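Hi,

Here is the structure I said I would pass on. Have a look at it first, and my notes follow underneath.

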Amino acid sequence: MDGKPIRRVLEWLLNRELTDADMAAALDMHASNYSRHKDDDGYPSFEELATLGAYFNVSAKVLQITFGLLDTDALILLDADEMKQYLEQGGGNHMEPGGEEGRGNPRFSPRTDWPPL
């Protein structure tokens with residue numbers, strides 16, 4: 001996400017600082033192994049984001065969308081708590097305010113030219 005490391009994103013969502021030891025514990029690896037691994041090109045992987053999400057009680061889907069491993073089309077799969085996490089970590093900074101759940105914003109209103117379901 002814009003060059004931000006996963007640790008910074010988690011710190012933002014959890015509102016606390018995390019150490020390499022915290023991250024290593026979450027991924028069930030030795031701290032020295034994590035220290036080397038955190039700079040790898042493929043870090044964090046899809047599976048690592050799921051593991052980190054479960055460990056820190058943060059939505060894995062939100063993390064996977066944030067780091068580009070799921071397309072933003074997956075936003076429709078988020079429940080209300082996950083959407084709140086996504087918006088809190090800056091995922092919705094491009095959206096205009098529209099009231100509760102986007103009501104009042106024509107960009108989020110149902111299409112009137114489509115037949116009812």
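**Salt bridges first**

Arginine 8 and glutamate 11 meet through their side chains in a salt bridge, 3.0 Å from N to O (the term means a side-chain nitrogen of Lys or Arg within 4 Å of a carboxyl oxygen of Asp or Glu). Arginine 8 and glutamate 11 are three residues apart in helix 1, so about one helical turn separates them. Helices here are DSSP runs of H or I with at least four residues, numbered from the N terminus. Glutamate 11 is buried, with a relative accessible area of 11%; buried means under 20% relative accessible area, exposed over 50%, and partly exposed in between, using a 1.4 Å probe and protein chains only.

Before going on, some ground rules: this is a predicted model, where local features need pLDDT of at least 70, side-chain atom pairs count only at pLDDT 80 or more, and totals for chains, interfaces and linings use all residues. Residues are numbered from 1 along each chain as its sequence is written, and side-chain values use heavy atoms, with hydrogens and water left out.

The structure holds five salt bridges. Another one pairs arginine 7 with aspartate 20, their closest N and O atoms being 2.7 Å apart. Arginine 7 sits in helix 1 and aspartate 20 in helix 2, so this pair ties together parts that are 13 residues apart in sequence. Aspartate 20 is buried at 18% relative accessible area, while arginine 7 is partly exposed at 24%. Arg7, Arg8, Glu11, Asp20 and Lys38 are linked in a network of salt bridges.

There is also a salt bridge between glutamate 82 and lysine 61 (3.6 Å, N to O). That one links distant parts of the chain, with glutamate 82 in helix 6 and lysine 61 in helix 5, 21 residues apart. Glutamate 82 counts as buried at 13% relative accessibility, and lysine 61 as partly exposed at 28%.

**Helix 4 and the cores**

Which residues of helix 4 (residues 46–56) are buried? They are Glu48, Leu49, Leu52, Gly53 and Phe56. They cover an arc of only 135° around the axis (taken from the directions from the helix axis to the C-beta atoms), which puts them on the same side of helix 4. Glu47 and Ala54, on the other side, are exposed. The cover over the buried residues includes helix 1 (6–14), helix 2 (20–26), helix 3 (31–37) and helix 5 (60–66).

The largest nonpolar core has 17 residues, and Leu52 and Phe56 are among those with the most contacts inside it. A nonpolar core is a set of buried Ala, Val, Leu, Ile, Met, Phe, Trp, Tyr and Cys residues joined through side-chain atoms within 4.5 Å. Helix 1, helix 2 and helix 4 each give two or more residues to this core, and helix 1 gives the most, with four. Apart from it lies another core of six residues, among them Val62, Ala74, Leu78 and Tyr86.

**Around serine 59**

Just after helix 4, asparagine 57 takes a positive phi of about 60°. Glutamine 85, in helix 6, touches Leu13, Asn57, Val58, Ser59 and Val62, not counting residues up to four places away in sequence (a touch being heavy atoms within 4.5 Å). The side chain of glutamine 85 also reaches the backbone nitrogen of serine 59 at 2.9 Å.

Cheers

Technical notes:
Polar contact = N/O pair within 3.5 Å; in protein donor to acceptor, adjacent residues only side chain to side chain.
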